[in-house]
Amino acid sequence: MDSSSAWSLASVLVGGLATLAIFSFLIKENAFYRFFEHLFIGIASGLGPMLIVRDFLWPNIIEPMLGLTVVTYPDGTQSEPYEPLYLLYLIPMVFGCLYYFIYSQRYSWLAKLVIGFTLGASGALAIRGFFAEAGPQIASSFKPLIVFIDGNLSLMESFNNALFVATLLLVLNYFFFTFGKEGSLQGKMAPLGRPLLMVCFGAFFGSTVMARLALLVERVQFVVHDWVAAVGSVVGLG
Amino acid sequence: MRIFTFLGGVYFFLYFVLPESAVTAIGMKAHHEQISNGFIVIGAMAVGLGIFNIVRAHGSRVVFQRPGWFNSFALLVGLAAIISATAVQWIESTRNSRDISSVQVLGEFATRITDDARTPPTDRVVPPLAQRIAALVRYGDERTELIESHTNLSVEAGTNGATSVLVGEVRERLAAARVKLGELRAASWERLTEDNATLLTQFSQDAAKLASSYSIIKRSHDAHSTSQKVYDFLFDGLFNQLGSAMFALLGVYIAAAAYRAFRVRTVESGLMMMAAVIVMLGQISFGKEIYENMPSLRQWLLEVPNSAAFRAIRLGAGVAGLMLAIRMWLSIESKSFSSGRK
């Protein structure tokens, strides 16, 4: 067996064992499950920071700052002049390092500065994000209630559009608590939003269950086909 | 503190509210990517905090052998293994990328020489043409030797059908590049004639082709390196498998919880159950056996009533999010968390 096949085999064997360990939780919580659960958390928490450094900090910040993106040709000339403005990245880097003062009782106020700054930036980004997301959605919700296709009235499309607009307005109205619920038309219409919401929740539930079951089927197939075959090949049955 | 929070949001707010002409005029548009990166850097610098906290909490449990120390040990092993594997694989792939780009430089340099000879640059000083060509030829000789030795190493490591074709292609292009290097060496470079320019263009094209074939061989060779295999083992063999198993496990619990909690007692809960059943049956072939139009019905349900209701929920949640964002940016929300107010 060559080294590639050995690594693939080890991957399948350990993957199957890990899957069985996680599924053993269905019987009851046990040491086997907890071991692999902790292993998963360890890998996940190590992978995130490494990906931030590898895929963001290094190519977008460190490389341009150190001038590593500038190609030096064999005669000593360069593809482009070094941009010293990249050194300005040192300011947010140093500012970001203030996070680590959170461990100091005396200087933890420095960490609060950077936390506050980040919160402010996130708030402003969220304001922009709302309009960027909601704007096109609101615009596309104004659907024509009578639809003509090739000059003929399309009853189905018209019905769909009318139902869409009615559902949107009724559900929005259901969540409108600010004023005028009691006795007004708006208040009387509010209960109509509930059944439509329930249809939406039902569809969500169905989609979620199917997505999870698809994963379950894939896991079972992996264990039954790949893992059993791999175990068989190791113990000499395959 | 509040002024820092406000300042943190000023840039993005201004970038959003100012007209595009103003954003362009004051240079914000040109440097937006770099400025945004600067903001991300601030958050990215906190990556060590998470690792530090994990190591501190679980490390102390291992050192003092508190209950569950073995699980903490497994967590730390997983953490250390993925960090080392990713780091080694990254260093190797960076080294290889530099190796590949050092070959790509050949073609780029030849093109640059032609361009500079035709339109002499005013913003920088370039050496005389003959000197640049000598440097190009010398560098070309070095790179072709390097490519040859790496290609031979790949052959020694074992080749399959696809790699043999690639190796043949690299050798063919290597020979073509060497012929062109010989012609470059023999030509006179007092000034750039049309013949010389054509020669440089041809060499540039050959070098680009060589670099492209070489990069395929190099990357296929790297895909079989030990560091890549260890990384794949941890990522595909453990991380992906455990993640899928965790999510699949939740599927069982969702179904079990639904069985226990859902009682179809009212019209509304009946509607919910009906929608769920239609969506589930419409996704599997068995649903089509029950009712031929089940997939279309599912599609309609998702696209019309579900899409409209979900849009209303998102708009409502979005407005709430907007209010929260404004309160957060203007530090109005901070009062709720301040120690003085309980």
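In helix H2 of chain A, which covers residues 31-66, A:Phe32 and A:Phe36 stand 4 residues apart, so about one helical turn separates them. The structure in which they sit is a predicted model, and a search through the whole of it finds 29 aromatic pairs over all chains. For A:Phe32 and A:Phe36, the ring centres lie 5.6 Å apart and the ring planes meet at 85°, and because an angle over 60 degrees counts as edge-to-face, that is how this pair is classed. In general, a pair of aromatic rings is described by these two quantities, the distance of the centres and the angle of the planes.

From chain A we can turn to chain B, which the domain assignment divides into domain 1 (2-85), domain 2 (92-224), domain 3 (230-261) and domain 4 (267-335). Between the C-alpha centres of domain 3 and domain 4 of chain B there is a distance of 24 Å.

The two chains also touch each other, and the contact involves 116 residues from chain B together with 116 residues from chain A. The size of an interface is often given as the accessible area lost when the parts come together. Between chain B and chain A this buried area is about 10,600 Å², and carbon and sulfur atoms give 78% of it.

How many salt bridges cross the interface of chain B and chain A? The rule finds 4 of them, including one in which the side chains of A:Arg194 and B:Glu268 meet with 2.9 Å from N to O. Counted as polar contacts, there are 18 residue pairs between chain B and chain A, with both residues at pLDDT 80 or more.

Several helices of chain B give two or more residues to the side that touches chain A, among them helix H1 (2-17), helix H5 (69-118), helix H9 (226-261) and helix H12 (294-329). Of the elements on this side of chain B, H9(B) supplies the largest share, with 25 residues. By residue type, the side of chain B that touches chain A divides into 77 nonpolar, 28 polar and 11 charged residues.

Technical notes
Residues are numbered from 1 along each chain as its sequence is written. Chains are lettered from A and ligands numbered from 1 in the order in which they are written. This is a predicted model: local features need pLDDT of at least 70, side-chain atom pairs count only at pLDDT 80 or more; totals for chains, interfaces and linings use all residues. Side-chain values use heavy atoms; hydrogens and water are left out. Domain bounds come from an automatic or database domain assignment. Contact means heavy atoms within 4.5 Å. Buried area is the accessible area (1.4 Å probe) that two parts lose on being put together, summed over both. A polar contact is a pair of N or O atoms within 3.5 Å; within protein, one must be able to donate a hydrogen and the other to accept it, and residues adjacent in sequence count only if both atoms are side-chain atoms. Ala, Val, Leu, Ile, Met, Phe, Trp, Tyr, Cys and Pro count as nonpolar, Asp, Glu, Lys and Arg as charged, and the others, Gly among them, as polar. Rings of Phe, Tyr and Trp (its six-membered ring) pair if their centres lie within 6.5 Å; planes under 30 degrees apart count as stacked, over 60 as edge-to-face and the rest as tilted.
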